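Here's a quick briefing to read with the model open beside you. We'll go through charged pairs, then the packing inside, then the empty spaces.

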Amino acid sequence: MDRITSLFGIKYPIIQAGMVWCSGWRLASAVSNAGGLGLLGAGSMHPEILRGHIQKCRAATHHAFGVNIPLMYPQIEEIMRIVVDEGVRIVFTSAGSPKKWTGWLKERGVTVAHVVSSSLFAMKAEEAGVDAVVAEGFEAGGHNGREETTTLCLIPAVRAATTLPLIAAGGIATGEAILAVHALGAEGVQIGTRFALTEESSASEVFKDYCLHLKEGDTRLLLKKLSPVRLVRNNFRDAVEAAEAVGATVDELRILLSRGRAKRGIFEGDLEEGELEIGQVSALLNEKGVQTVAQVMQELQDGYHKAWESLNSQMRRTSLM
């Protein structure tokens, strides 16, 4: 996994996803201080709010951090200028084509990674000149691919399609999962859900507690006509499902989303009318409770090494049979 740590100047090849209403300066700086790469989530920030978070993050950590920028952001030009003006050196782009902005960012000394959901998009990202790709599987919480390819299938397909440094995402919340995707060809991981539910996350405590009590099957991938996200069942999700069942148009779905749904659900804790985005792996975290970033990072490392030792032991026993 040396290419990832070298590329971003970090100790561990663990990236915290830039999630709307979760990834503010407290979370990003905590992950960076713990040896990973923290990302600010620009998708839920007005331009000047993002500037403030960049400045606060820089004051809170002397380590590398970056910004995640959804390319469908309505004020994308202003966001890009702020990122460069503030001296951000790492940008992860998502939810759009990297062709337009990758060269512009790299000319200004920025390292660029792009989130993809298929091997085809990975090849297009490489053609656009990105420095790394994040292959995000169907299990993830936010902005998944319409193909619904799971991480287990996606990582080896992307590994075969590109020579770029490869970061796995989607359904990864343990050290054991990190080892599994490492075996499939990933060189690092991007983790969303696990960090979204930490103390330092800016998400509502009500949202965190609710997600830590989810069971298998409690999330579903919806809104494919707009930008696919994984939603928890509530009144809002019921409305989305009903609208999609009768063939709602893109504009009709956009109206459903236009009332600040994600902010209401994730940031303000409205469990019925808010948009509650979270990954499938939340069902594995029921017994964890709200942890600090430092605790999570230590568990990820311990879990990885324990799984490695267990696997080696199994291989030795198998070879003696």
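**Salt bridges, core and spaces**

Glu48 and Arg51 make a salt bridge, with their closest N and O atoms 3.1 Å apart. Keep in mind that this is a predicted model. Across the whole structure, a search turns up 19 salt bridges, and a few of them are picked out below along with the core, a pocket and a cavity.

**Charged pairs**

- Back to that opening pair: Glu48 and Arg51 both sit in helix H3 (residues 47-60), three residues apart, which is about one turn of the helix.
- Is Glu48 buried or exposed, or something in between? Glu48 counts as partly exposed because its relative accessibility is 48%, and the exposed class only starts over 50%.
- Helix H3 also has a hand in a longer-range link: the side chains of Glu86 and Arg58 meet in a salt bridge at 3.7 Å, N to O.
- That pair ties together distant parts of the chain, 28 residues apart, with Arg58 in helix H3 and Glu86 in the loop between helix H4 (76-85) and strand S4 (90-94).
- The two partners fall into separate accessibility classes: Glu86 counts as buried because its relative accessibility is 14%, while Arg58, at 33%, counts as partly exposed.
- Further along, Arg264 forms a salt bridge with Asp270, and the closest N and O atoms are 3.1 Å apart.
- Arg264 has 25% relative accessibility, so it counts as partly exposed; Asp270 also comes out at 25% and counts as partly exposed.
- Some charged residues go beyond pairs: Arg220, Arg233, Arg237, Asp238 and Glu241 are linked in a network of salt bridges.

**Nonpolar packing**

- As background, nonpolar side chains tend to be buried together in soluble globular proteins.
- Which residues touch the most other members of the largest nonpolar core? They are Ile14, Leu50, Val67, Ile69 and Phe195, out of 72 residues in that core.
- Helix H14 (residues 293-320) gives the most to this core, chipping in six residues.
- Apart from that core lies another one of 14 residues, including Ile4, Leu39, Ile90 and Ala169.
- Leu50 is a handy one to click on: setting aside neighbours within four places in sequence, Leu50 is in contact with Leu40, Ala42, Met45, Val67, Ile79 and Val83.

**The second largest pocket**

- This pocket holds about 310 Å³ of space.
- Its lining counts 21 residues, and those nearest the centre are Glu139, Gly171, Gln280, Val281 and Leu284.
- Helix H7 (151-161) and helix H8 (175-183) each put at least two residues into the lining, and H8 has the largest share, with three.
- What's the chemistry of the wall? By class, the lining of the second largest pocket has nine nonpolar, seven polar and five charged residues.

**The enclosed space**

- How many cavities of 30 Å³ or more does a search of the whole structure find? Just one, and the space in the largest cavity comes to about 40 Å³.
- Lining the largest cavity are Arg194, Leu197, Thr198, Leu212, Leu285, Lys288, Gly289 and Gln291.
- By class, that lining divides into three nonpolar, three polar and two charged residues.

Note on methods
Residues are numbered from 1 along each chain as its sequence is written. This is a predicted model: local features need pLDDT of at least 70, side-chain atom pairs count only at pLDDT 80 or more; totals for chains, interfaces and linings use all residues. Side-chain values use heavy atoms; hydrogens and water are left out. A salt bridge is a side-chain nitrogen of Lys or Arg within 4 Å of a carboxyl oxygen of Asp or Glu. Helices (H or I, at least four residues) and strands (E, at least two) are DSSP runs, numbered from the N terminus. Buried means under 20% relative accessible area, exposed over 50%, partly exposed in between (1.4 Å probe, protein chains only). On a 1 Å grid over the protein atoms alone, a cavity is a set of points where a 1.4 Å probe fits but cannot get out, and a pocket is an open set with protein on both sides within 12 Å along at least five of seven lines; lining residues have an atom within 4 Å of a point. Grid points are joined across faces, edges and corners, and a volume is the space filled by probe spheres set on the points. Ala, Val, Leu, Ile, Met, Phe, Trp, Tyr, Cys and Pro count as nonpolar, Asp, Glu, Lys and Arg as charged, and the others, Gly among them, as polar. A nonpolar core is a set of buried Ala, Val, Leu, Ile, Met, Phe, Trp, Tyr and Cys residues joined through side-chain atoms within 4.5 Å. Contact means heavy atoms within 4.5 Å.
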